[in-house]
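Please open the structure in a viewer and keep the selection tool at hand. The tour proceeds by selections, from the whole chain to single residues.

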Amino acid sequence: MTGTVPLLEVTNLRVRFPTRQGPVEAVSDVSFDVHPGETVAVVGESGSGKSVTALAVMGLLDSGRVEGGSIRYRDEDLASVGTKRMREIRGEEIAMVFQNPMTALDPLYTVGNQIVEAIRLHRETGRKEAQQRAVDLLREVGLPDPERRARSYPHELSGGQQQRVMIAIALACNPSLLIADEPTTALDVTVEAQILRLMRTLQRDHGTAMLFITHDMGVVAEMADRVVVMYAGKVVEQGRVEDVLNDPQNPYTRALLASIPSPTISRDALMPAIRGAVPSLLETPSGCRFHPRCPEAFDRCPTEEPPLFDIAAGRDSRCWLHDRTPAGAVRGRAAGPSGEGASALGVGRAG
Ligand SMILES: Nc1ncnc2c1ncn2[C@@H]1O[C@H](COP(=O)(O)OP(=O)(O)OP(=O)(O)O)[C@@H](O)[C@H]1O
């Protein structure tokens with residue numbers, strides 16, 4: 001994707017929430033970009049800061065605050081535009097599909113009306129024309145008998161159909177960027193596969209860029225061009241999906257991948273399943289935040305925080321295993337991209 005100008009450029013983003021126990025930094029120094037038409041997945045366990053990152057982009061942080069960094073969308077910084085402008089951008093430029101369609105849809109209005117409202121909020125469109133567009137959108141998202149379905153209330157639809165309606169609402173104004181936050185988590189696996197297929201088709205047909213939040217590496221493999229792996233509020237690895245999945249450079253990415261044995265992913269890249277839990281943000285571990293759970297941690301990891309090492313073009317990983325300075329070389333752990341890195345990691349595993 002080098003060469004094109006990013007549609008969305010998040011740089012050194014920091015988000016804090018006030019809590020009774022004191023402020024927590026849910027997102028710490030996070031940077032990534034999304035180019036027109038591409039899908040970038042943000043992946044990590046629960047509590048890693050994925051949703052907060054998405055909500056920060058949408059300007060929907062509730063009690064949280066952007067404390068640093070920028071969220072550049074085209075030529076505006078979303079972290080500093082006013083609420084009126086943000087309301088225009090939401091829906092018209094950037095739309096979001098949430099995890100649970102039932103809580104996102106209004107139970108008192110027909111789904112047709114809700115799509116009509118979404119259209120008329122941003123476009124000067126007559127009611128008749130908007131109603132026709134609502135039916136067309138319901139057809140496009142694969143709802144059978146869309147004229148009748150437009151007159152249904154949300155509770156009359158299955159979970160998969162409700163999510164199709166949410167996607168129709170999101171697409172109503174032809175946004176350039178769609179943010180999907182675990183859009184299939186509440187659905188069973190067959191319906192999940194249908195919805196993912198639908199999102200891919202719509203994205204291709206409309207040329208929409210997508211920021212796809214998920215905890216599932218299988219979904220990353222299926223949906224995304226590039227992936228950003230987050231752990232405890234920080235980016236720990238990013239790169240092209242095929243590179244990261246076939247040759248994960250960060251121990252956390254390897255541990256996440258271990259949960260989805262798949263014929264498309266080399267078994268050599270797998271490690272025993274991840275142990276322990278994501279730390280509380282009130283007491284993040286010293287040094288590398290992943291070190292208490294990392295099977296490859298060594299003496300430097302609890303004391304010094306690793307930077308994001310630029311390990312190849314468009315590929316970063318936050319781990320001391322990549323340190324090529326004399327201090328790192330002493331450990332015999334200097335890792336590079338592709339096969340060289342993978343074998344160096346294997347040989348140098350901590351005892
Ligand atoms: N409203 C809030 N008030 C206080 N802290 C919050 C709030 N929302 C999020 N956080 C903090 O931010 C952390 C990251 O939350 P986030 O929802 O982004 O995680 P996630 O990676 O999306 O996980 P999940 O898949 O469970 O949504 C939480 O563990 C919590 O510490």
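Begin by selecting residues 8–257, which the unreviewed UniProt entry annotates as "domain: ABC transporter". The model on display is predicted. Across residues 8–257 the chain is 42% helix and 26% strand, and the C-alpha atoms at the two ends of this stretch are 27 Å apart.

Now display the whole protein chain. It contains 13 helices and 12 strands. Of its 351 residues, 43% are buried. Taking contacts between residues at least 6 apart in sequence, 61% join residues at least 24 apart.

**The ligand and its shell**

Select the ligand next, together with the residues that surround it. The shell holds 16 residues, and the closest are Phe17, Ala26, Ser46, Ser51 and Val52. Which elements should be coloured here? Strand β2 (24–34) and helix α1 (50–58) each supply at least two residues of the shell, and α1 provides the largest share, with three. Colouring the shell by residue class gives five nonpolar, nine polar and two charged residues.

**The largest nonpolar core**

Hide the ligand and turn to the largest nonpolar core, which has 90 residues. Select Ile115, Ala168 and Ile179, the members that touch the most other members. Then highlight helix α7 (residues 159–171), which gives the most to this core, with seven residues. The core also draws at least three residues from each of domain 1 (104–174) and domain 2 (241–347). As general background, nonpolar side chains in soluble globular proteins tend to be buried together.

Stay with isoleucine 179 for a moment. Which residues does isoleucine 179 contact, leaving aside neighbours within four places in sequence? They are Ala54, Val57, Met58, Ile94, Met96 and Leu211.

**Serine 176**

Move to serine 176, in the loop between α7 and β7 (177–181). Is serine 176 buried or partly exposed? Serine 176 counts as partly exposed because 19 other C-beta atoms lie within 10 Å, whereas a buried residue needs 20 or more. Not counting residues up to four places away in sequence, serine 176 touches Leu7, Pro36, Glu93, Thr208 and Ala209. Add glutamine 203 to the selection: it lies 27 residues from serine 176 along the chain, and the two C-alpha atoms are separated by 9.8 Å.

**Methionine 217**

Next, select helix α9 (residues 217–223), where methionine 217 lies. Methionine 217 is buried, because 24 other C-beta atoms lie within 10 Å. A distance label drawn from its C-alpha atom to that of leucine 245 should read 8.4 Å, although methionine 217 and leucine 245 are 28 residues apart along the chain.

**Two loop residues with positive phi**

The last stops are two loop residues. Select arginine 74, in the loop between β4 (65–73) and β5 (76–77). Phi of arginine 74 is near 50 degrees, a positive value in a residue other than glycine. Arginine 74 counts as partly exposed, because it has 14 C-beta neighbours inside 10 Å.

Finally, select alanine 232, in the loop between β9 (226–231) and β10 (234–240). Phi of alanine 232 is near 45 degrees, again a positive value in a residue other than glycine. Is alanine 232 buried or exposed? With 23 other C-beta atoms within 10 Å, alanine 232 is buried.

Definitions and conventions:
Residues numbered from 1 in each chain as written. Predicted model: local features only at pLDDT ≥ 70, side-chain atom pairs only at ≥ 80, totals over all residues. Core = buried A, V, L, I, M, F, W, Y, C linked by C-beta atoms within 7 Å. Buried ≥ 20, exposed ≤ 12 C-beta atoms within 10 Å, placed from the backbone. Helix = DSSP H or I, 4+ residues; strand = E, 2+ residues; numbered from the N terminus. Domains from an automatic or database assignment. Contact = placed C-beta atoms within 7 Å. Near = placed C-beta within 6 Å. Nonpolar A, V, L, I, M, F, W, Y, C, P; charged D, E, K, R; others polar. UniProt positions renumbered as here; feature names shortened; annotations may be inferred.
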